[in-house]
Amino acid sequence: CDPERAGDPVFRNPERVHEARLVVERAQEEFEPPPAPSQSFSIDTFLGSRSTKMALSAAESVLAAPGTRYNPLVIVGPSGVGKTHLLHGIGRGLQQPDRGWIACTSAQVFMDELVTAIDNNRVPSWRARYRRASAFLLDNVDLIGGQERVQEEIFFLFNVLLESERQLVFTSSRRPREIRSLDDRLVSRLEGGLLATLRSEERRVGKECRA
């Protein structure tokens, strides 16, 4: 599945069959898409209010020109105001036939995947899946506070995607500078884009939208 590996000498040596199988397995892992946006949410079903006007406007700008004006976009607000809905709605909007994978996942899933990759000695292939994505959207980035290894992976992933103008979107219950034990480098990256706040006092969402 990877033309770059087709000429690997391991495939021409019958005594290295086991090694060849490992190479194939790792190549397949790299080409397995990362978590995608949920089909349960969309921008069209996000019920707005005066306090969501800025966030919705930013989301529309991101969809119109991914990776340019608002990159990263950080959606901040307490639980129940629709952050997850808006994040996945943006992710769905970014899904186009001419684009590659859209990685859209939660911080907890990302952390669990990293632990599994470390345990199985497969971090490079796990890392490659995300670095191939045309956009990276992460829910609840505030959960990575104090998680040094996870922060390191996100920092370098952030740099790779930003340098190639691929869109980054995050949600958080608090502003990056208020996240306890968050690396200063990540604080700087996250606050280098647009922070859009969702407030609970004006927010009204349907049952399917609460997140």
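Let me begin with one pairing, in which Leu 73 has Val 169 of strand 4 as its bridge partner. Please keep in mind throughout that what we are looking at is a predicted model. That bridge belongs to a wider arrangement, since strand 1 and strand 4 pair in the parallel sense over four bridges.

Strand 4 also has strand 3 as a partner, and here too the pairing is parallel and runs over four bridges; within it, Phe 136 is bridged to Leu 168 of strand 4. If you follow the chain from strand 3 through helix 6, which covers residues 148–163, and on into strand 4, you trace a right-handed β-α-β unit.

Is strand 4 mostly covered or mostly open? It is mostly covered, with six of its six residues buried. Gln 167, Val 169 and Thr 171 point one way from the strand, while Leu 168, Phe 170 and Ser 172 point the other way, and the residues of both groups are buried.

I would like to stay for a moment with Thr 171, which lies in strand 4. Its relative accessibility is 0%, and because buried means under 20%, Thr 171 counts as buried. Its side chain makes a polar contact with the side chain of Asp 139, at 2.3 Å. Setting aside residues up to four places away in sequence, Thr 171 touches several others, among them Ile 75, Lys 83, Leu 87 and Val 141.

Val 141 is worth following next, and its place is in the loop between strand 3 and helix 6. Although it sits in a loop, Val 141 is buried, with a relative accessible area of 2%. Apart from neighbours within four places in sequence, its contacts include Ala 107, Phe 170, Ser 172, Ile 179 and Leu 190. The C-alpha atoms of Val 141 and Arg 174 are 9.3 Å apart, although 33 residues separate the two along the chain.

Finally, let us turn to helix 3, which has twelve residues, 83–94. At 1.5 Å a residue the helix should span 16 Å, and its end C-alpha atoms are 17 Å apart, which agrees. Why do we call helix 3 largely enclosed by the rest of the structure? We do so because ten of its twelve residues are buried, including Lys 83, His 85, Leu 87 and Leu 94. The buried residues of this helix pack against helix 2 and against strand 1, strand 2, strand 3 and strand 4, and that brings us back to strand 4, where Thr 171 touches both Lys 83 and Leu 87.

Methods: Residues are numbered from 1 along each chain as its sequence is written. This is a predicted model: local features need pLDDT of at least 70, side-chain atom pairs count only at pLDDT 80 or more; totals for chains, interfaces and linings use all residues. Side-chain values use heavy atoms; hydrogens and water are left out. Helices (H or I, at least four residues) and strands (E, at least two) are DSSP runs, numbered from the N terminus. The expected span of a helix is 1.5 Å times one less than its number of residues. Buried means under 20% relative accessible area, exposed over 50%, partly exposed in between (1.4 Å probe, protein chains only). Contact means heavy atoms within 4.5 Å. A polar contact is a pair of N or O atoms within 3.5 Å; within protein, one must be able to donate a hydrogen and the other to accept it, and residues adjacent in sequence count only if both atoms are side-chain atoms. Two strands pair if DSSP finds at least two bridges between them. A crossover is right-handed if, with the strands pointing away from the viewer, the path from the first strand over the helix to the second runs clockwise.
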